[in-house]
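Me: Please take a close look at a single part of this model, one helix and what surrounds it, and keep the reasoning explicit.

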Amino acid sequence: MIKTIICDFDGTVVDSGQLVFDLFNEFADKYHYKKIPQSESDRIRALTVKERFREYEVPVLKVPMLTMDVVKRYKKSIPTLEVNQEMKQVLKNLKELGIKLVMISANSKENIQKFLKLNDMEYFDEIIQSSRFFGRHTTMNSYMKKHNVAKDEIILIADEHRDIVAARKSEIPIISVTWGYDLEELLSKSNPDFLVRSPLEIMDIVRNDTK
């Protein structure tokens, strides 16, 4: 029975794909890698992060610095990001069902709290910050241990292939959403427990599990 939902921020709750795409190209000259043509924006969503970096010749040793630059610029843009309105309603409904909602992101808690307040979305019981370098599963494992959460009472909602990998490592189920960073084609290859094309489908999954 689902009692706790860990929900990803970027791509799942907010429409931030174009922003990340633009920031990647913005730092191409500084770190000496290829820019991605706008016409390729959908195609690269079918590639893993490692495959994207390899194809556009991003120097591996410069990835940490590139990431920090992107994060700094991204943080400044958080107040301007648009929320997925259907997802907003689903989160509200889940909260009303008594589900504990936890937000996970590599962004700062302060910036996420600001975004949630601006968009009247203060539904989350806790915001946990994950590392961009050491794996999201370690953050989720720490949360479950700290709060004594059973693995059969929690589920992750996220939009990337690497989230499926993290869920497998944490041995918890995942609902993968197709409206975020990664295309359905890439997500399907990793066999998530659930694959949804609309936020409303999340409600069906949770309701069936809580009956």
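Reply: In this predicted model, confidence varies among the elements of the protein chain: the lowest mean pLDDT, 86, belongs to helix 4 (residues 63-77), and the highest, 98, to strand 7 (residues 174-177). The protein chain as a whole averages a pLDDT of 91, and 98% of the residues score at least 70.

The part examined here is helix 5, which comprises the 12 residues 85-96. With a rise of 1.5 Å a residue, a helix of that many residues should span 16 Å, and because the end C-alpha atoms of helix 5 are 17 Å apart, the expectation and the model agree. The buried residues of helix 5 are M87, K88, V90, L91 and L94. Around the axis they cover an arc of only 165°, so they sit on the same side of helix 5. On the face turned away from that buried side, helix 5 carries Q85 and E96, which are exposed.

The two ends of helix 5 can be described in similar detail. At the N-terminal end, N84 acts as a cap, with a side-chain oxygen placed 3.2 Å from the backbone nitrogen of E86. Just after helix 5, G98 adopts a positive phi of about 90°.

The buried side can then be followed into the interior. In soluble globular proteins, nonpolar side chains tend to be buried together. The largest nonpolar core here has 50 residues, and L91 and L94 are among the members that touch the most others, along with I5, V13, Y74 and I202. For V13, once neighbours within four places in sequence are left aside, the contacts are C7, D8, E82, V83, N84, M87, L91, M103 and M121; V13 therefore meets the capping residue N84 as well as M87 and L91, two of the buried residues of helix 5. Separate from this core is a second one of 17 residues, which includes I6, I164, I172 and I174.

Helix 8 (residues 161-170) offers a useful parallel, since I164 is also one of its buried residues, together with D163, A166, A167 and S170. Viewed down the axis of helix 8, these buried residues fall within an arc of 160°, so they line one face of the helix. They pack against helix 7 (136-147), strand 6 (154-158), strand 7 and helix 9 (184-189). Just after helix 8, E171 has a positive phi of about 60°.

How values were computed: Residues numbered from 1 in each chain as written. Predicted model: local features only at pLDDT ≥ 70, side-chain atom pairs only at ≥ 80, totals over all residues. Heavy atoms only, no water. Helix = DSSP H or I, 4+ residues; strand = E, 2+ residues; numbered from the N terminus. Expected span 1.5 Å × (residues − 1). Buried < 20%, exposed > 50% of the residue type's maximum accessible area, 1.4 Å probe, protein only. Arc of directions from axis to C-beta. Polar contact = N/O pair within 3.5 Å; in protein donor to acceptor, adjacent residues only side chain to side chain. pLDDT = per-residue confidence, 0-100. Core = buried A, V, L, I, M, F, W, Y, C linked by side-chain atoms within 4.5 Å. Contact = heavy atoms within 4.5 Å.
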